[in-house]
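This briefing introduces a protein structure to a reader who has not met it before. The sequence and the model come first, followed by notes grouped by topic.

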Amino acid sequence: GIDAETYFAPEIEALGSHADLATFDRDRLRIRTTEMGKLLVRNVCMLFDRYYVGEKTQRFSSTI
């Protein structure tokens, strides 16, 4: 019942700087990972994790 494109607007915008890993398909409202993005999908998911504050926190293990 939410407008995903509006609700996730900041995350979708941040996804733009990770175009080598994934892109947002506005027509289908889907995120598409690249071949490299499939290997590093955790990096893409972290953009949408409300509990992940950023690279400065040590709350989660780092990614490759």
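The largest nonpolar core in this predicted model consists of six residues, namely Ile12, Leu15, Leu21, Ala22, Phe24 and Val44. Helix 2 (9–15) and strand 1 (22–25) each contribute at least two residues to this core. The protein as a whole has four helices and two strands, and two salt bridges are present in the structure.

**Overall organisation**

- Along the sequence, the helices and strands follow the order α-α-β-β-α-α.
- Of the 64 residues in the protein, 16% are buried.
- The exposed surface of the protein amounts to about 5,300 Å², and carbon and sulfur atoms supply 54% of that area.
- Among contacts in the protein with a separation of 6 or more, 17% join residues that are 24 or more positions apart.

**Leucine 21 and the core**

- Leucine 21 is one of the six residues of the largest nonpolar core.
- Beyond its neighbours within four places in sequence, leucine 21 is in contact with Arg32, Thr33, Thr34, Met36, Gly37, Leu40, Asn43 and Val44.
- Val44, one of these contacts of leucine 21, is also a member of the largest nonpolar core.

**Salt bridges**

- Side chains of opposite charge can pair when their charged atoms come close.
- Glutamate 5 and arginine 26 form a salt bridge, in which the closest N and O atoms are 2.3 Å apart.
- Glutamate 5 belongs to helix 1 (residues 4–7) and arginine 26 to the loop between strand 1 and strand 2 (30–33), so this pair ties together parts that are 21 residues apart in sequence.
- Glutamate 5 is partly exposed, with a relative accessibility of 27%.
- Glutamate 35 and lysine 38 form a salt bridge through their side chains, with an N to O distance of 3.3 Å.
- Both glutamate 35 and lysine 38 lie in helix 3 (residues 35–39), where they are three residues apart, about one turn of the helix.
- Glutamate 35 is exposed, at a relative accessible area of 60%.

**Cysteine 45**

- Cysteine 45 lies in helix 4 (residues 41–46).
- The relative accessible area of cysteine 45 is 45%, so this residue counts as partly exposed.
- In sequence, cysteine 45 and glutamate 11 are 34 residues apart, while in space the distance is 9.8 Å from C-alpha to C-alpha.

Terms used: Residues are numbered from 1 along each chain as its sequence is written. This is a predicted model: local features need pLDDT of at least 70, side-chain atom pairs count only at pLDDT 80 or more; totals for chains, interfaces and linings use all residues. Side-chain values use heavy atoms; hydrogens and water are left out. A nonpolar core is a set of buried Ala, Val, Leu, Ile, Met, Phe, Trp, Tyr and Cys residues joined through side-chain atoms within 4.5 Å. Buried means under 20% relative accessible area, exposed over 50%, partly exposed in between (1.4 Å probe, protein chains only). Contact means heavy atoms within 4.5 Å. Accessible areas come from the Shrake-Rupley method with a 1.4 Å probe; for residues, only the protein chains shown count as cover. A salt bridge is a side-chain nitrogen of Lys or Arg within 4 Å of a carboxyl oxygen of Asp or Glu.
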